[in-house]
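Me: Can you walk me through this one? I'd like the overall layout, then some detail.

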Amino acid sequence: MRDAIRNSFRSLKLVLVLFALSCGLVERAAADDWSGPAQQLARKIAAVTGPGAVAVTVGNRSSLAKKDVDAISGVLRADLEELGVRSAKPEQAAALMVLSLSQNPRFFVWVAEIHLGGSESAVVMVSVPRGDEVGFARESMPVSLRKIPLWSQQDRILDVVVIEQDSEPRHIAVLDGEKVAIYRLRNGKWQQEQNLGITHARPWPRDLRGRVVGAKDHLLDVYLPGVFCRSTTSLPLTLNCHESDDPWPLVTAGVESLPPFGGSPVQPLGAFYSASRNFFTGALTPGVGKLTTVGKFYSAAPLPRERYLLWLFAGTDGQVHLVDGVTDRAAKLGWGSDVASVKTGCGSGWQVLATDAGENGFENGADSVRAYEITDRDPVPVSAALDFAGHITALWAEAKDDSAIAIVRNRETGEYEAFRVAVGCSQ
Amino acid sequence: MKHFGWRWVAASSLFLIAILIRTGAAETRPQYGGTVRIAIREAPESLDPVDATQADSVARRNLLALIFETLVTVDERGRIHPELAVEWQVAPGNQRWQFRVRRSVKFHDGSALTAEIAASSLRTANPSWKVFAEGDAVIVECDHGDADLPAELALPRNSIVRRNGGGKLIGTGPFRIDDWQAGKRLTLSVEENHWHGRAFVDMIEVEMGRNYQEQLVELKLGTADLVEVAPEQGHRVAMEGRRVITSQPMELVALAFGSDAQTADEKLLRSSLAHSVERTSMRSVLLQGTGQATASVLPNWMGGYGFAFSTDADLKLARREREQVRTTANWTVGYDANDSLARVLVERVALNAKDAGIVLRPTAGTAPLQSDLPRLDIPGPDLPRLDLRLVRIPLASTDPWVALASVAGALGMAMPRLNGDSAEDLYAAERVLLAEQRVIPLFHLPAEWASSPAVKDWRPASDGSWRLDEVWMGREEQ
């Protein structure tokens with residue numbers, strides 16, 4: 001078991017290192033991109049000042065990092081030198097130039113205010129299209145949660161399934177409201193293999209949710225409000241969608257990983273999802289023990305106990321319902337709407353991941369995920385909060401049950417980002 | 001398998017308490033149902049998007065956006081997104097635009113949206129445009145290349161409206177009109193079959209014509225969920241523990257002259273007035289630090305170069321300019337009598353002007369400001385003849401070109417035409433406008449609101465758009 005965990009940690013580290021390296025390359029590439037606009041601005045400045053000594057002051061009014069500001073400043077000074085405009089102290093300069101690195105929503109705007117003596121002054125500027133910023137994972141203790149970026153896009157991501165992986169995901173399917181897009185990792189880059197369109201007659205609910213699940217005899221099943229889609233078994237791959245009230249699986253392919261109770265294996269549990277809202281209706285199939293209905297809920301997570309399977313339902317009433325097959329105990333835990341359970345080698349072997357308002361607070365639009373154990377009646381946090389850069393719009397357990405998929409809407413970029421939330425033992 | 005020890009669990013329990021104290025509210029999925037009660041200062045007499053007699057305001061735009069929709073929208077970064085049009089194409093030269101209309105969109109009366117109806121609606125809003133339907137597409141042909149046409153189509157006046165025989169206006173938006181008492185009260189109910197999915201709340205009730213003080217009282221009494229906050233009051237309201245949301249600065253406060261300066265002396269006097277204004281101290285004291293002092297038409301966040309226009313007062317220069325003119329400078333400056341902020345700003349500007357040797361006589365009036373702007377030199381029934389006015393102009397769009405054109409239009413000025421669309425071109429266009437000395441920009445102000453804790457997931461866009469279709473009310477019956 002420990003070897004397996006160690007191996008999975010090595011894999012995670014490798015992914016994070018590769019990710020960090022790729023980010024470094026992106027930054028380097030971005031720095032190289034400054035040379036064009038810097039040259040352009042240098043020409044405009046030189047056209048105003050002519051050759052000679054200029055005192056240059058650089059100020060940053062943008063979201064550029066200091067190293068970018070330094071890089072731009074360096075490239076610009078070099079370009080100015082080539083044009084005969086050399087930097088000098090103010091008392092030795094024929095002109096003063098204040099360079100402000102500013103921005104508007106679409107461009108970096110570099111503005112040079114040039115004072116030539118007396119009241120003569122001029123303003124020249126260039127604009128450079130803005131790119132997108134990237135966030136990094138943060139370490140947490142004592143059970144550690146890590147987020148591994150999988151995919152991001154402008155359209156709302158509903159779910160991601162990893163179709164194939166070795167040390168890291170190599171083949172993924174990304175579900176949004178209109179399609180399942182399949183990507184393969186080639187030479188460190190995700191390349192799109194195929195788009196499988198989803199057909200639906202009725203408009204989707206606003207808080208659209210959906211699941212994409214790997215299947216045994218075909219590639220994928222897709223569950224959406226009032227719609228079910230199944231991929232074909234032969235090539236070319238397509239999705240066959242039809243209106244359906246069939247239940248969604250609450251545990252996907254991982255039922256076999258749950259320990260048998262009373263000598264019989266755990267039956268997969270399905271729940272009916274409202275076609276026009278954002279919650280499960282509460283009707284279960286085949287049910288939890290004697291209970292075939294619970295209150296309306298947003299998400300559910302199983303937790304194996306010694307003699308039974310405890311189900312946690314995040315209800316639409318704001319409470320978490322702990323259902324053991326006989327009783328339904330409601331608790332106000334202050335959790336969010338999304339829960340998922342993960343099988344780990346830590347603690348009792350299973351933890352619940354639950355969303356809540358993160359460090360930055362609900363109103364600021366940043367959520368977090370935290371792992372909990374339910375040792376007796378009440379949940380005990382067993383990890384620090386894993387913060388995300390926006391609201392978590394989905395949290396689903398992965399098929400292997402040892403990790404979860406979190407979808408986040410980045411509050412800065414507005415993009416949807418899919419992460420694998422991996423759990424590791426740090427004690 | 002290693003089990004957790006009791007010490008570890010005990011420590012974690014303390015950790016849990018700390019977490020519960022820290023976070024307070026947990027994230028939850030949106031819930032359906034409930035009513036959002038809103039109070040606003042504006043009191044529009046009409047909900048017709050093309051009614052030019054109604055003063056433009058962030059509040060009016062937001063009301064219209066609940067009922068009507070446009071072919072495309074502009075986001076906070078100025079990017080165009082599909083709304084009632086799913087895609088668009090433009091012919092080389094940006095003169096012929098084709099917008100394919102979304103299928104399965106229904107008006108609130110159940111009738112289907114067609115390209116013909118959309119084209120007709122746009123023709124009503126823009127009589128000079130050549131707009132027609134071609135299959136499922138709306139074609140717009142411009143006299144000259146217009147790269148900003150999509151951003152212009154996102155303006156509220158270009159909302160797609162179906163006008164039935166009785167003059168009733170019907171939209172496709174997430175809410176439909178239940179009850180409309182002009183200038184007083186608007187009740188909206190959710191459109192169950194909206195093409196983008198049903199909004200979460202069932203109803204929206206809007207009380208109009210409430211001043212800032214009345215609105216705050218209603219919020220405190222729990223009779224309103226969402227109210228406007230005066231820009232200069234934002235800090236105080238937040239200090240009282242209210243949730244205050246602030247947009248990007250989207251309103252230009254400026255002194256506007258009714259006509260071009262006719263003589264060199266008049267130009268010098270206007271320049272003198274502009275140099276005399278102490279924007280920084282006015283912002284600190286009168287605006288309580290809210291907004292931004294500005295000498296540019298567009299705020300810095302939108303153009304990226306606003307700081308290049310100096311906002312520093314230069315009294316020496318102002319006096320020097322004044323002294324070059326032998327005639328007297330005795331101007332009447334108007335302001336909206338219902339706007340207490342306008343009054344104190346004008347009074348302070350008059351003091352600054354006096355230091356420079358210019359006499360400004362503040363005069364309050366009740367005529368709507370925006371609709372009067374182009375006719376400033378023609379006194380209305382309530383206003384004496386004015387030389388200049390303090391105006392508050394909401395910027396029409398996050399697209400800087402459209403925003404600049406809208407300000408120029410509100411001031412009765414022609415928008416300079418330039419070939420490029422870079423920041424430098426925008427800067428050049430703004431320089432041309434300011435060189436006419438028709439306007440002296442003073443401040444850019446944000447819109448501010450306070451909301452009750454029951455209002456969830458309320459994230460207005462940085463341009464001040466409410467986005468109430470994404471809002472839900474906490475703990476309501478589903």
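Reply: Here is a short run through chain B, its domains and one helix; the model is predicted.

Me: How many helices and strands does chain B have?

Reply: Chain B has 14 helices and 23 strands. Of its 478 residues, 47% are buried.

Me: What share of the chain B contacts with a separation of 6 or more comes from residues 24 or more positions apart?

Reply: 67%.

Me: What does the domain assignment give for chain B?

Reply: Domain 1 covers 30-67 + 173-247 + 447-478, domain 2 covers 69-170, and domain 3 covers 251-445.

Me: How many residues of domain 1 of chain B are in contact with domain 2?

Reply: 15 residues of domain 1 of chain B touch 14 of domain 2. Helix 2 (residues 58-67) gives the largest share of the domain 1 side, three residues. By class, that side has seven nonpolar, three polar and five charged residues. The C-alpha centres of the two domains are 26 Å apart.

Me: Switching topic. Which residues of helix 11 of chain B are buried?

Reply: Leu341(B), Ala342(B), Leu345(B), Val346(B), Val349(B), Asn352(B), Ala353(B) and Ala356(B).

Me: Why do they line one face of the helix?

Reply: Seen down the axis of helix 11 of chain B, the buried residues fall within an arc of 120°, so they line one face. An α-helix has 3.6 residues a turn, so residues three or four places apart point the same way.

Me: And what is exposed on the other side of helix 11?

Reply: Leu351(B) and Lys354(B) are exposed there.

Me: What follows helix 11 of chain B?

Reply: Gly357(B), with a positive phi near 95°.

Terms used. Residues are numbered from 1 along each chain as its sequence is written. Chains are lettered from A and ligands numbered from 1 in the order in which they are written. This is a predicted model: local features need pLDDT of at least 70, side-chain atom pairs count only at pLDDT 80 or more; totals for chains, interfaces and linings use all residues. Helices (H or I, at least four residues) and strands (E, at least two) are DSSP runs, numbered from the N terminus. A residue is buried if 20 or more other C-beta atoms lie within 10 Å of its own, exposed if 12 or fewer, and partly exposed in between; C-beta atoms are placed from the backbone. Two residues are in contact if their C-beta atoms, placed from the backbone, lie within 7 Å. Domain bounds come from an automatic or database domain assignment. Ala, Val, Leu, Ile, Met, Phe, Trp, Tyr, Cys and Pro count as nonpolar, Asp, Glu, Lys and Arg as charged, and the others, Gly among them, as polar. The arc is that of the directions from the helix axis to the C-beta atoms.
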